Amino acid sequence: MIGFKDLEQKLKDNGYKTTKQRRAILQVLYENVQRFISAEDIYNKTKEKFNTTNFSTVYRNLEILERLGIIHKTNIEDGISVYELICHREHHHHIICKKCGKTEIIDFCPFENIEHILDDKGFEATEHKFEVYGYCSKCKSDV
C-alpha cells in the first residue's frame with residue numbers, strides 16, 4: 001500500500017507544492033481508503049480541517065490528483081462523480097455498497113475475458129471501468 005509521504009512526494013515530483021489545503025484534501029482521501037467519496041463530502045471534511053477551503057479549490061485539486069494518477073474518479077449510478085485514493089499499484093475494479101459506500105477491490109479483471117471479441121472486431125480499447133453495485137453483508141439486511 002502506498003503511504004501518505006509517497007503521495008506528497010508524487011505531487012512534488014510533478015511540480016506541485018504541498019499546500020495546507022492540498023494536504024487536508026489528501027488526508028481526507030487517505031482517511032477514506034477503500035471507499036468512494038464525493039467531491040461534496042471531500043469538501044465538507046476538508047473544511048473541518050482547514051476552514052478557509054472553498055469548493056472550487058477542492059475540485060481543482062481533485063482534477064490534479066486524478067491527472068497524476070493519485071485518485072480514481074468514477075460515476076456512480078446517480079451520475080455523481082466519486083473519488084478513491086489509489087493505494088494499490090495494480091489494475092483493479094470494485095464492488096460498491098449502495099447504502100454505506102463501502103468499497104472493496106475485485107482483484108481480477110473481467111475485461112480480460114472479452115478482449116478477444118474486441119480484437120476480432122478490430123476494436124482497440126484504450127480504457128475501461130468495471131464496478132458492481134449492491135449491498136454489503138452489513139447493509140443488505142436493512143434493505
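**Exercise 1. Find the partners of Glu-8 and say where they lie.**

Start with one pair: the side chains of Glu-8 and Lys-5 meet in a salt bridge at 3.9 Å, N to O. Here a salt bridge is a side-chain nitrogen of Lys or Arg within 4 Å of a carboxyl oxygen of Asp or Glu. This is a predicted model, where local features need pLDDT of at least 70, side-chain atom pairs count only at pLDDT 80 or more, and totals for chains, interfaces and linings use all residues. Residues are numbered from 1 along each chain as its sequence is written, and side-chain values use heavy atoms, with hydrogens and water left out.

Step 1. Glu-8 and Lys-5 are both in helix 1, three residues apart, about one turn of the helix. Helices (H or I, at least four residues) and strands (E, at least two) are DSSP runs, numbered from the N terminus.

Step 2. Residues three or four places apart point the same way, because an α-helix has 3.6 residues a turn.

Step 3. Now look at Arg-23, whose side chain meets that of Glu-8 in a salt bridge at 1.9 Å, N to O. Glu-8 belongs to helix 1 and Arg-23 to helix 2, so this pair ties together parts 15 residues apart in sequence.

**Exercise 2. Sort the three residues: which is buried, which is exposed, which is partly exposed?**

Step 1. Recall the cut-offs: buried is under 20% relative accessible area, exposed is over 50%, and partly exposed is in between (1.4 Å probe, protein chains only).

Step 2. Glu-8 has 9% relative accessibility, so Glu-8 counts as buried. Lys-5 has 61%, so Lys-5 counts as exposed. Arg-23, with a relative accessible area of 30%, is partly exposed.

**Exercise 3. Describe the salt bridge between Glu-31 and Lys-49.**

Step 1. Their side chains meet at 2.9 Å, N to O.

Step 2. The pair links distant parts of the chain, with Glu-31 in helix 2 and Lys-49 in helix 3, 18 residues apart.

Step 3. Glu-31 is exposed, at 54% relative accessible area, while Lys-49 is partly exposed at 38%.

**Exercise 4. Explore what surrounds helix 2.**

Step 1. Helix 2 covers residues 20-31. Its buried residues include Ile-25, Val-28 and Leu-29.

Step 2. The cover over the buried residues of helix 2 includes helix 1, helix 3 and helix 4.

Step 3. Ile-42, leaving aside its neighbours within four places in sequence, is in contact (heavy atoms within 4.5 Å) with residues including Ile-25, Val-28 and Leu-29.

Definitions and conventions. Expected span 1.5 Å × (residues − 1).
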